[in-house]
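Here's a quick tour of some aromatic and nonpolar side chains, for anyone opening this structure for the first time. Have a look at the model, then read on.

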Amino acid sequence: MKWDRLLAYFYAHTAMFFLFLANYYGYIIYLMTSNFSQLSVSKGTEDNRNCKNNTITLPYFLTTWDSSGFFVCELLFLLSTLLFLSSEIVQMIRLGKYYWKELGNYIQLFVIFSAFLSMGSKPWLLGDIQH
């Protein structure tokens with residue numbers, strides 16, 4: 001009987017977490033591959049005048065992400081992170097001191113913190129900030 005009442009909450013929480021993870025992975029993949037299209041690999045002799053440059057190309061699905069598409073990804077990532085954080089805050093309020101006795105809750109808070117950290121470090125990862 002108890003599980004029947006909590007089943008809907010469990011499914012909703014699981015779906016929200018998977019939405020968050022999908023957006024997080026998409027965001028990280030974009031950040032880590034955005035500057036690779038300009039990368040060139042030197043191949044040739046020791047003398048730099050005789051080197052041949054080969055451009056590294058990305059798979060088609062990574063090259064189709066334009067800035068407007070990434071904005072949608074960023075927005076979904078922010079919204080899913082805020083939704084995930086709000087569900088953790090609700091759990092903190094409902095469980096009180098028992099919330100802090102579960103290791104899984106610390107892991108979830110760390111994941112949320114790392115998500116906000118990756119959002120905040122985007123300019124440095126993309127090289128938009130000059131040193």
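One aromatic cluster brings together Phe 17, Phe 20, Tyr 24, Tyr 27, Phe 77 and Phe 84. Keep in mind that this is a predicted model.

Take Phe 77 from that cluster. Leaving aside residues up to four places away in sequence, Phe 77 touches Phe 20, Asn 23, Tyr 24, Tyr 27, Ala 115, Ser 118 and Met 119.

Next, the ring pairs: searching the whole structure turns up 10 aromatic pairs. Two of them are set out here.

| Pair | Centre to centre | Angle between planes | Type |
|---|---|---|---|
| Phe 17 and Phe 84 | 5.2 Å | 55 degrees | tilted |
| Tyr 99 and Trp 100 | 5.0 Å | 85 degrees | edge-to-face |

The Phe 17 and Phe 84 pair ties distant parts of the chain together, with Phe 17 sitting in helix α1 and Phe 84 in helix α3, 67 residues apart. Are these partners buried or exposed? Phe 84 has a relative accessible area of 0%, so it counts as buried, while Phe 17, at 24%, is partly exposed. As for the other pair, Tyr 99 is buried at 0%, and Trp 100 is partly exposed at 40%.

Now for the nonpolar core. The largest one has 15 residues, and among those with the most contacts inside it are Phe 20, Tyr 24, Tyr 27 and Phe 77. Helices α1 (2–33), α3 (67–95) and α4 (103–120) each give two or more residues to this core. The largest share, 7 residues, comes from α1. In soluble globular proteins, nonpolar side chains tend to be buried together.

Note on methods
Residues are numbered from 1 along each chain as its sequence is written. This is a predicted model: local features need pLDDT of at least 70, side-chain atom pairs count only at pLDDT 80 or more; totals for chains, interfaces and linings use all residues. Side-chain values use heavy atoms; hydrogens and water are left out. A nonpolar core is a set of buried Ala, Val, Leu, Ile, Met, Phe, Trp, Tyr and Cys residues joined through side-chain atoms within 4.5 Å. Buried means under 20% relative accessible area, exposed over 50%, partly exposed in between (1.4 Å probe, protein chains only). Helices (H or I, at least four residues) and strands (E, at least two) are DSSP runs, numbered from the N terminus. Contact means heavy atoms within 4.5 Å. Rings of Phe, Tyr and Trp (its six-membered ring) pair if their centres lie within 6.5 Å; planes under 30 degrees apart count as stacked, over 60 as edge-to-face and the rest as tilted.
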